[in-house]
Amino acid sequence: MENISILFFPYNLIVILSIFFALFLIKNFSFTQKIWHQLASEKYLLLAVSLFFLSILLIQLIRTFIPNSTDISSFLYRFGFSRFNASPFLLLISLFLFIILAANHLSLWREPFSLQTIRLLIFQIGILLIISAQFLGFFDQERYKMTVYSEYPTSVAVKDEKLFVSMPFEIQLINSIPSYYPSGNLKNVEINYDIRYKNRLYNIKNSVNQPYNFHGYDLYLLAYDQNNGSNPLFCRLFIVKDPWKFIFKIGFISILISSLLMLIPNKERKKGAFSND
């Protein structure tokens with residue numbers, strides 16, 4: 001259940017396009033109108049949104065109250081009831097929400113264009129893009145762990161906990177830069193690296209709570225040598241390459257734009273109000 005090959009690119013994109021194509025057929029055939037009206041109804045949209053948030057709450061409760069050492073925990077983990085990443089259970093709920101939201105989105109194109117309709121269209125596009133990137137696009141993420149040393153540069157990383165691979169860049173640890181609170185207690189530690197990529201040398205810094213994006217790779221600091229002061233001998237990085245990250249950003253910007261459009265007064269509603277007097 002860990003690797004669902006049908007959800008890797010380009011199959012996940014085919015799944016998304018197939019959903020829209022199937023909804024388009026259901027929408028335009030007369031004998032499927034009852035199904036279409038159900039899928040595009042506010043009742044089903046409310047149901048899908050409720051199931052999605054209740055599923056997230058359920059997963060969080062299971063993660064909190066059921067210990068990992070119990071026999072039932074392995075069963076729950078396998079089918080995704082105790083994890084958010086690559087969860088088959090949450091994926092099915094997300095697909096249901098995606099289908100219902102896509103049906104509502106397509107139904108809006110039949111409505112007369114108004115400011116309110118445009119707001120909803122942009123908002124729904126943003127949500128659909130985020131669902132696609134976050135849940136269907138998760139399986140295209142590449143995840144690595146790398147141990148970086150101060151004595152020499154390295155490009156060797158471990159992919160998916162089992163496969164040694166060579167990254168397209170070399171990293172060498174330089175030093176650590178601590179920062180302190182006014183009380184004298186340690187506030188944060190930045191790790192300083194040199195990265196050689198395509199015959200160019202880059203100097204970057206990151207810390208535990210501040211990942212660094214380098215040419216499409218997000219570098220997260222997992223741990224570092226705390227026994228040698230400002231000259232640690234090694235550190236460990238978690239590296240993620242997410243090709244759907246750009247889609248997620250577009251979705252977030254779409255939601256932001258729709259929120260900004262909410263600040264524009266609806267003149268059509270005002271005209272209607274005057275006409276009723």
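The side chain of D218 makes a polar contact with the side chain of N213, at 2.7 Å, where a polar contact is a pair of N or O atoms within 3.5 Å, one able to donate a hydrogen and the other to accept it within protein, and residues adjacent in sequence count only if both atoms are side-chain atoms. This is a predicted model, in which local features need pLDDT of at least 70 and side-chain atom pairs count only at pLDDT 80 or more, while totals for chains, interfaces and linings use all residues. Residues are numbered from 1 along each chain as its sequence is written, and side-chain values use heavy atoms, with hydrogens and water left out.

## D218 and its salt bridge

D218 lies in strand 7; helices (H or I, at least four residues) and strands (E, at least two) are DSSP runs, numbered from the N terminus. At 8% relative accessibility, D218 counts as buried, a word that stands for under 20% relative accessible area, with exposed meaning over 50% and partly exposed the range in between (1.4 Å probe, protein chains only).

The search of the whole structure finds 1 salt bridge, defined as a side-chain nitrogen of Lys or Arg within 4 Å of a carboxyl oxygen of Asp or Glu. The side chains that meet in a salt bridge are those of D218 and K245, with 3.0 Å from N to O. Because D218 belongs to strand 7 (residues 217-224) and K245 to helix 7 (residues 245-261), the pair ties together parts that are 27 residues apart in sequence. K245, with a relative accessibility of 28%, is partly exposed.

Leaving aside neighbours within four places in sequence, D218 is in contact (heavy atoms within 4.5 Å) with Y212, N213, F238, I239, V240 and K245. One of these, I239, is 21 residues away along the chain, and its C-alpha atom is separated from that of D218 by 5.5 Å.

## A buried acid without a salt bridge

D140 is found in the loop between helix 6 (115-136) and strand 1 (142-149). D140 is buried yet has no salt bridge, and the nearest side chain of opposite charge, that of R143, is 9.3 Å away; for such charges, Lys and Arg count as positive and Asp and Glu as negative, while His and the chain ends are not counted. The side chain of D140 does make a polar contact with the side chain of W244, at 2.8 Å. Not counting residues up to four places away in sequence, D140 touches F8, F9, N12, K241, P243 and W244.

F9 also takes part in a backbone feature, since a cis peptide bond with omega of about 5° joins F9 and P10. P10 itself is placed in the segment before helix 1.

## Helix 1, helix 2 and helix 5

F21, F24, L25, F29 and F31 form a nonpolar patch on the surface, with about 550 Å² of accessible area together. Such patches are made of residues with over 30% relative accessible area and no salt bridge, like charges being joined within 9 Å and nonpolar side chains (Val, Leu, Ile, Met, Phe, Trp, Tyr) within 5 Å. Among the members, L25 is found in helix 1 (residues 11-28) and is partly exposed, with a relative accessible area of 31%.

Q33 has its place in helix 2 (residues 33-39), and a polar atom of the Q33 side chain lies 2.7 Å from the backbone oxygen of K27. Beyond neighbours within four places in sequence, Q33 is in contact with I26, K27 and N28.

S107, found in helix 5 (residues 88-108), is buried, with a relative accessible area of 19%. Apart from residues up to four places away in sequence, S107 touches W36 and A40. S107 and L47, by contrast, are 60 residues apart in sequence and 18 Å apart in space, C-alpha to C-alpha.

## Positive phi outside glycine

Two residues other than glycine are listed here with a positive phi value.

| Residue | Phi | Place | Relative accessible area |
|---|---|---|---|
| N199 | near 60° | loop between strand 4 (186-197) and strand 5 (200-206) | 76%, exposed |
| H215 | near 50° | loop between strand 6 (212-214) and strand 7 | 45%, partly exposed |

Key. Areas by Shrake-Rupley, 256 points an atom, 1.4 Å probe, with all protein chains shown as cover.
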